[in-house]
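Colleague: Please take a close look at one part of this structure, the surroundings of the bound molecule, and then lead me outward from there to the other places that deserve a student's attention.

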Amino acid sequence: MHELSIAQSILEIVLREAEKQKPARVVAVGLKIGALSGIYADSLEFGFDAIKKGTPLEECRLEIEEVAIRGQCHQCGHVFDVRELLFACPLCASGSIELKHGQELDIAYIEIDEETEDWHVK
Amino acid sequence: MSKTIELKKKVLSENDALAAELRATLGEKGIFSLNFVSSPGSGKTSLLERTLRELKDELNITLVAGDVQTENDANRLIAAGGEQVKPLVTGGSCHLDARMIHRLLPEINLDNTDLFIVENVGNLVCPSGYDLGEDMKVVLISVTEGDDKPLKYPSMFRRSSVMVINKIDMLELCDFSMERVRENALRINGDLKIFETSCRTGEGLEEWYAWLKEQVKQKKA
Ligand SMILES: Nc1nc2c(ncn2[C@@H]2O[C@H](COP(=O)(O)OP(=O)(O)OP(=O)(O)O)[C@@H](O)[C@H]2O)c(=O)[nH]1
Ligand SMILES: [Mg+2]
C-alpha cells in the first residue's frame, strides 16, 4: 500500500545521484528487497513507472533482487535461512534470533550510460 | 558504454536518520517511548484511554494520535484525562514517518514527559518499516481478527517487542485460540512479550500497567 511513497523516495535519491553523473544518464536502478521488508516488488515497479514519467529517469528501469530471510541464533550463534516463517534455530531450537537479512530496502547500485549526449536537452 | 556504480543506500535512510535523532533526544531525557500499531479497530485508543485514566497521577504521559482523517482519537484521549495529546492527521497516508513526529517536537514539553506514546495509523503493513525513534513497537491484535494474524503480517510482528491480545471478553463469541495465536506469534518472534487484555472489563490490565511503570523506571535509571 505504501509502495508509492517508497517509489517516491527511490526516485528522489536516484535523481540526486543522476545529477552528479551528468552528462551520463541513469538507465537502471538495482534494488535489494528483503522478503520481510513488507514491500511487494510488483507494486513498487508499478508505482515507480508511474512517477518517473516526465523526469530525467523516464527511461530508467528497476532491477529488483529479493533477499531471503537469514537469522543468527542468540543462544548458539548458528546462522541459517529462515524457511516457512519459522524463526527458530534449526540446531538448538531457540526462538531468540537476530535477523541478518530479509528486512532490506536498499538501493544497491545504479547503472549509467555514458554515451548518451542528448541528456541535457531532454 | 554502460557502467555500474555501487550505491548501497537505504531507501528510508532519511527517515532512519531522523528517527535516530528522535531516539537520542528522548534517550537523553530518559523518556520511555512506544509506537502502537495494529489493524484498524483492535483497540489502540481504548488501551491508551484506560492507561491514561489509571496512570495519569503517577506518570506524565505524552501522546501523539495518528489518524488518516479525523482527530477523534486525540479527542478521546483528551477526554480520558490526557494533558499532552497531539493529533497527527496524515491526510491519506497509511503510516506515520519520523518526519511527522519530528515536526511535532517543538510543540511537546519533553521535560514534563515520562512516557511518550505514538498511536500509529491502523494498518498492519505499512507502518512496519518506518522507525519513529521509539524504544519498542507494541502490536495489538483483537480476538475478532483471527489467530493467524502473526503469520499473515510477519514483518510487523517480527519488528514488535510486545503483543497485546485485546478484547478477550469476546473470546467465547469467536473461534480464536489463545494457544494458537501465541504459537503463531512466537514462531515469528520468540522474544515477544505478550499481554492478554480487555479494555471493556479491565481484565489483564494490571499486568500491563505494572510492566509499563517498570519500563519507565528502568529508562529513567
Ligand atoms: N468488547 C470489547 N471491545 C473493545 C475492546 N477494546 C476496544 N473495543 C472496541 O473496539 C472498537 C475500536 O476500538 P479503538 O480503541 O477505537 O481501536 P483503534 O485500534 O484505536 O482503532 P483505529 O485508531 O481506528 O485503528 C471500539 O468500539 C471499542 O469500544 C475490548 O477489550 N473489548
Ligand atoms: Mg485509534
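Modeller: A polar contact is a pair of N or O atoms within 3.5 Å; inside the protein, one of the two must be able to donate a hydrogen and the other to accept it, and residues adjacent in sequence count only if both atoms belong to side chains. Please keep in mind throughout that this is a predicted model.

Let us begin at ligand 1. There are 19 residues around ligand 1, and those that come nearest are B:K44, B:T45, B:S46, B:D169 and B:C199. Some of the contacts can be followed atom by atom. A polar side-chain atom of B:K44 is 2.7 Å from an oxygen atom of ligand 1. The backbone takes part as well: a polar backbone atom of B:G43 lies 3.0 Å from an oxygen atom of the ligand, and for B:S42 the corresponding distance, again from a polar backbone atom to a ligand oxygen, is 3.3 Å. Taken on its own, ligand 1 has 660 Å² of accessible area, and the protein covers 71% of that area.

Which elements supply the residues of this shell? Two or more residues are given by α2 (44-55) and by α3 (72-79), both of chain B. The largest share comes from α2(B), with three residues. As to chemical character, the shell divides into nine polar, seven charged and three nonpolar residues.

From the ligand we may move to another part of chain B. B:D131 is found in the loop that joins β5 (115-119) to β6 (136-142). Here the definition given at the start becomes useful: the side chain of B:D131 makes a polar contact with the side chain of B:R23, at 2.7 Å. The side chain of B:D131 also reaches the backbone nitrogen of B:G133, at 2.8 Å. If neighbours within four places in sequence are set aside, the residues in contact with B:D131 are B:N15, B:D16, B:A19, B:R23 and B:A98. Thus B:R23 appears both as a polar partner and in this list of contacts.

We now turn to chain A, and to A:H2. This residue is listed by UniProt under "binding site", in an unreviewed entry. A:H2 sits in the segment before α1 (3-21) of chain A. Is A:H2 buried or exposed? Its relative accessible area is 4%, and a residue counts as buried when the value is under 20%; A:H2 is therefore buried. Residues up to four places away in sequence are not counted in its contacts, yet A:H2 touches A:G38 and A:I39 as well as B:C94, B:H95, B:C126 and B:Y130. The contacts of A:H2 thus involve residues of chain A and of chain B.

The unreviewed UniProt entry also places "binding site" at A:C73, A:C76, A:C89 and A:C92. These cysteines span 20 residues in sequence, but no two of their C-alpha atoms are more than 8.5 Å apart, so they gather at one spot. Two of them can be examined in turn. A:C76 belongs to the loop between β3 (70-73) and β4 (79-81) of chain A. With a relative accessibility of 40%, A:C76 is partly exposed. Beyond its neighbours up to four places away, A:C76 touches A:C89, A:L91 and A:C92. A:C92, in the loop between β4 and β5 (97-101) of chain A, is likewise partly exposed, at 36%. Leaving aside neighbours within four places, A:C92 is in contact with A:C73, A:Q75 and A:C76.

That loop between β4 and β5 of chain A also holds A:L85 and A:A93, and the backbone angles of both deserve notice. Although A:L85 is not a glycine, its phi is positive, at about 55°. A:A93, also not a glycine, has a positive phi of about 70°. How exposed is each of them? A:L85 is partly exposed, with a relative accessible area of 25%, whereas A:A93 counts as exposed, at 59%.

One last detail of the backbone remains. The peptide bond from A:K22 to A:P23 is cis, with omega near 5°. A:P23 lies in the loop between α1 and β1 (25-34) of chain A.

How values were computed. Residues are numbered from 1 along each chain as its sequence is written. Chains are lettered from A and ligands numbered from 1 in the order in which they are written. This is a predicted model: local features need pLDDT of at least 70, side-chain atom pairs count only at pLDDT 80 or more; totals for chains, interfaces and linings use all residues. Side-chain values use heavy atoms; hydrogens and water are left out. A residue is near a molecule or strand if one of its heavy atoms lies within 4 Å of it. Accessible areas come from the Shrake-Rupley method with a 1.4 Å probe; for residues, only the protein chains shown count as cover. Helices (H or I, at least four residues) and strands (E, at least two) are DSSP runs, numbered from the N terminus. Ala, Val, Leu, Ile, Met, Phe, Trp, Tyr, Cys and Pro count as nonpolar, Asp, Glu, Lys and Arg as charged, and the others, Gly among them, as polar. UniProt positions are given in the numbering used here, feature names are shortened, and annotations may be inferred rather than shown by experiment. Buried means under 20% relative accessible area, exposed over 50%, partly exposed in between (1.4 Å probe, protein chains only). Contact means heavy atoms within 4.5 Å.
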